[in-house]
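Let's take a friendly walk through a protein model, one feature at a time. Have a look at the picture before reading on.

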Amino acid sequence: MPIARPRMVLIDLDGTLVDSVPDLAFCVDAMMRELGLPERGEAAVRQWVGNGVERLVQRALINAVDGDPEPSEFQRALPVFMRLYKDNTSGRSCLYPGVREGLDYLKRTGLRLACVTNKAEQFTLPLLRDMGILDDFELVVSGDTLPVKKPDPAPLLHAASKLGVTPGESLMVGDSRSDVKAARAAGFPIVCVSYGYNHGEDIRNYSPDAVIDRLDQIQGLLEDAA
């Protein structure tokens with residue numbers, strides 16, 4: 001279905017632009033070994049990412065999507081993960097197919113671009129830089145830019161305010177139910193990629209306005225929009 005032509009496009013990072021799980025899984029397993037606990041493996045980590053590193057660490061400790069570890073266990077584990085991830089943010093990660101082409105298309109059309117992610121700024125900016133796409137974005141809203149993160153709508157509304165664009169003139173592109181919930185609450189249309197990280201669920205279950213298999217397919221959604 002065609003999407004009304006926006007003035008601004010906000011794009012999620014992990015699972016939408018970059019497959020960052022290889023680095024995250026490496027750090028999770030290294031953390032678990034250091035704590036004397038069983039490794040979890042990349043397949044499990046793919047089901048757990050998308051809500052920030054704190055939640056990822058909690059899920060790794062309990063080996064499940066839902067639930068919470070003992071607070072003392074979490075307090076011991078989080079600094080270990082943060083130290084590991086600082087040195088292993090991007091070495092194993094890569095852009096998804098179609099991302100470079102999709103960003104080039106959006107820039108050619110003159111749309112304003114921002115990245116809105118739940119990843120902390122200390123990891124977000126190096127990852128974007130190392131992937132060669134930091135300069136594609138006029139604005140980056142990280143998971144700690146505001147007191148709240150997606151699925152709260154505030155990061156999306158913050159980006160729109162900073163760039164002087166209304167929600168009705170905006171478009172969110174993401175991969176998860178958090179992106180859909182944030183977009184709906186902010187009054188943004190939402191396009192989702194079919195790949196990425198959505199805790200093992202088909203993103204179509206959350207009824208985004210459209211689903212694409214590659215970011216560059218967004219051209220087909222926008223080229224006929226009014």
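## A question to begin with

Which residues does Ser93 touch, not counting residues up to four places away in sequence? The contacts of Ser93 are Val18, Asp19, Ser20, Asp23, Leu127 and Met131. Keep in mind that this model is predicted.

You can find Ser93 in the loop between helix H4 and strand E3 (94–95). Is Ser93 buried or exposed? Ser93 has a relative accessible area of 10%, and because the cut-off for buried is under 20%, Ser93 counts as buried. One of its contacts, Leu127, sits 34 residues away from Ser93 along the chain, yet the two C-alpha atoms are separated by 8.6 Å.

## The overall picture

Now step back to the whole protein. It contains nine helices and eight strands. Its radius of gyration is 17 Å, close to the 17 Å that the globule rule gives for 226 residues, so the protein is as compact as a globular protein of that length. The C-alpha trace spans about 60 × 30 × 30 Å along the principal axes.

What share of the contacts with a separation of 6 or more joins residues 24 or more positions apart? Such pairs account for 64% of those contacts. The pair of Ser93 and Leu127, 34 residues apart along the chain, gives you an example to look for.

## Inside and outside

Of the 226 residues in the protein, 54% are buried. The protein exposes about 9,400 Å², and carbon and sulfur atoms supply 49% of that area.

Charged side chains are worth a look too. There are 25 positive and 33 negative side chains in the protein. The centres of these two sets lie 2 Å apart.

## Backbone details worth finding

Three places in the backbone deserve a visit. Start at the peptide bond from Lys150 to Pro151, which is cis, with omega near 20°. Pro151 belongs to the loop between strand E5 (139–141) and helix H7 (154–163).

Next come two residues with a positive phi, although neither is a glycine. For Asn63, phi is about 60°, and this residue lies in the loop between helix H3 (53–62) and helix H4 (71–86). For His199, phi is about 55°, and its place is in the loop between strand E7 (190–193) and strand E8 (210–212). How do their surroundings compare? Asn63 has 43% relative accessibility and counts as partly exposed, whereas His199 is buried, with a relative accessible area of 13%.

## The cysteines

A disulfide is a covalent bond between the sulfur atoms of two cysteines. How many disulfides does a search of the whole structure find? The search finds zero.

Why is Cys94 in no disulfide? The nearest cysteine sulfur, that of Cys27, is 16 Å away from the sulfur of Cys94, and a disulfide needs the two sulfur atoms within 2.5 Å, so this pair does not qualify. Cys192 is in no disulfide either: the nearest cysteine sulfur, that of Cys115, is 15 Å away. As for their settings, Cys94 is partly exposed, with a relative accessible area of 39%, while Cys192 is buried at 0% relative accessibility.

Conventions: Residues numbered from 1 in each chain as written. Predicted model: local features only at pLDDT ≥ 70, side-chain atom pairs only at ≥ 80, totals over all residues. Heavy atoms only, no water. Helix = DSSP H or I, 4+ residues; strand = E, 2+ residues; numbered from the N terminus. Rg over C-alpha atoms; globule rule 2.2 N^0.38 Å. Buried < 20%, exposed > 50% of the residue type's maximum accessible area, 1.4 Å probe, protein only. Contact = heavy atoms within 4.5 Å. Areas by Shrake-Rupley, 256 points an atom, 1.4 Å probe, with all protein chains shown as cover. Lys, Arg positive; Asp, Glu negative; His and termini not counted. Charge placed at Lys NZ, Arg CZ, Asp CG, Glu CD.
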